[in-house]
Amino acid sequence: MVTFPPFTFVPSPGSSFPLWSFSYGGINYSFQADPAITIDYQSSRFLDIEGTGTASISGGAYYPTAGTWSIVDTGLGSSPVFTFGADAEVAGPPVPEPSVFALLVSFVPVIGAFAYRAKKAKA
């Protein structure tokens with residue numbers, strides 16, 4: 001069960017707000033939405049909004065992670081049908097392939113030989 005606290009879509013709230021939260025196995029999961037909300041499409045029978053925010057997990061060695069969210073309401077009247085989606089992508093520095101390390105290490109003796117020859121030529 002996920003809780004969506006009430007918040008205003010238009011205009012966007014002035015500060016970040018909790019979009020959803022839930023607890024499972026003694027661990028709390030939450031998503032704090034940024035105040036900027038994009039309305040992709042809105043009519044009397046359809047609403048498609050999206051934004052960014054920060055996903056968090058309490059306890060352990062979890063770091064807050066930036067993510068995106070979207071909500072689509074295709075319902076009518078008192079029977080809204082909400083669809084929610086969120087995505088959090090962890091991006092870190094790229095890790096070189098082992099072949100790159102091997103290539104770099106193979107050039108160390110070549111560079112050393114050039115330095116030795118340059119030093120010997122000066123003498």
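Here are a few notes on burial, contacts and aromatic pairs in this structure, which is a predicted model.

1. **Ile49, on the inside.** Start with strand S3, which covers residues 47-57 and includes Ile49. The relative accessible area of Ile49 comes out at 0%, so this residue counts as buried. Have a look at Ile39 as well: Ile39 and Ile49 are separated by 10 residues in sequence, yet their C-alpha atoms sit 4.4 Å apart in space.

2. **Gly85 and what touches it.** Further along the chain, strand S5 spans residues 82-88, and Gly85 is part of it. Is Gly85 buried, exposed or something in between? With a relative accessible area of 27%, Gly85 is partly exposed; the cut-off for buried is under 20% and for exposed over 50%. Leaving aside residues up to four places away in sequence, Gly85 touches Thr68, Trp69 and Ser70. If you want a distance to check on screen, take Val72: the C-alpha atoms of Gly85 and Val72 are 8.9 Å apart, with their positions 13 residues apart in sequence.

3. **A nonpolar patch on the surface.** Which residues make the nonpolar surface patch? They are Leu103, Phe107, Val110, Ile111 and Phe114, and the patch has an area of about 510 Å². Of these I'd click on Phe114, which belongs to helix H1 (residues 98-122). Phe114 has a relative accessible area of 56%, so it counts as exposed, the threshold being over 50%.

4. **The stacked aromatic pair.** How many aromatic pairs does the count give? It comes to 2. One of them is Phe22 with Tyr29, and this pair is stacked: the ring centres are 4.9 Å apart and the planes meet at 15°. Neither ring's residue reaches the buried class, because Phe22 is partly exposed at 29% relative accessibility and Tyr29 is partly exposed at 21%.

5. **The tilted aromatic pair.** Tyr41 and Phe46 also pair up, this time in a tilted arrangement, with 5.7 Å centre to centre and 55° between the planes. Why tilted? Planes under 30 degrees apart count as stacked and those over 60 as edge-to-face, so an angle in between gets the tilted label. As for accessibility, Tyr41 has a relative accessible area of 47% and is therefore partly exposed. Phe46 falls in the partly exposed class too, with 28%.

Definitions and conventions
Residues numbered from 1 in each chain as written. Predicted model: local features only at pLDDT ≥ 70, side-chain atom pairs only at ≥ 80, totals over all residues. Heavy atoms only, no water. Helix = DSSP H or I, 4+ residues; strand = E, 2+ residues; numbered from the N terminus. Buried < 20%, exposed > 50% of the residue type's maximum accessible area, 1.4 Å probe, protein only. Contact = heavy atoms within 4.5 Å. Patch = residues over 30% accessible without salt bridge, like charges linked within 9 Å, V, L, I, M, F, W, Y side chains within 5 Å. Areas by Shrake-Rupley, 256 points an atom, 1.4 Å probe, with all protein chains shown as cover. Salt bridge = Lys/Arg side-chain N within 4 Å of Asp/Glu carboxyl O. Phe/Tyr/Trp six-rings, centres within 6.5 Å; stacked < 30°, edge-to-face > 60°.
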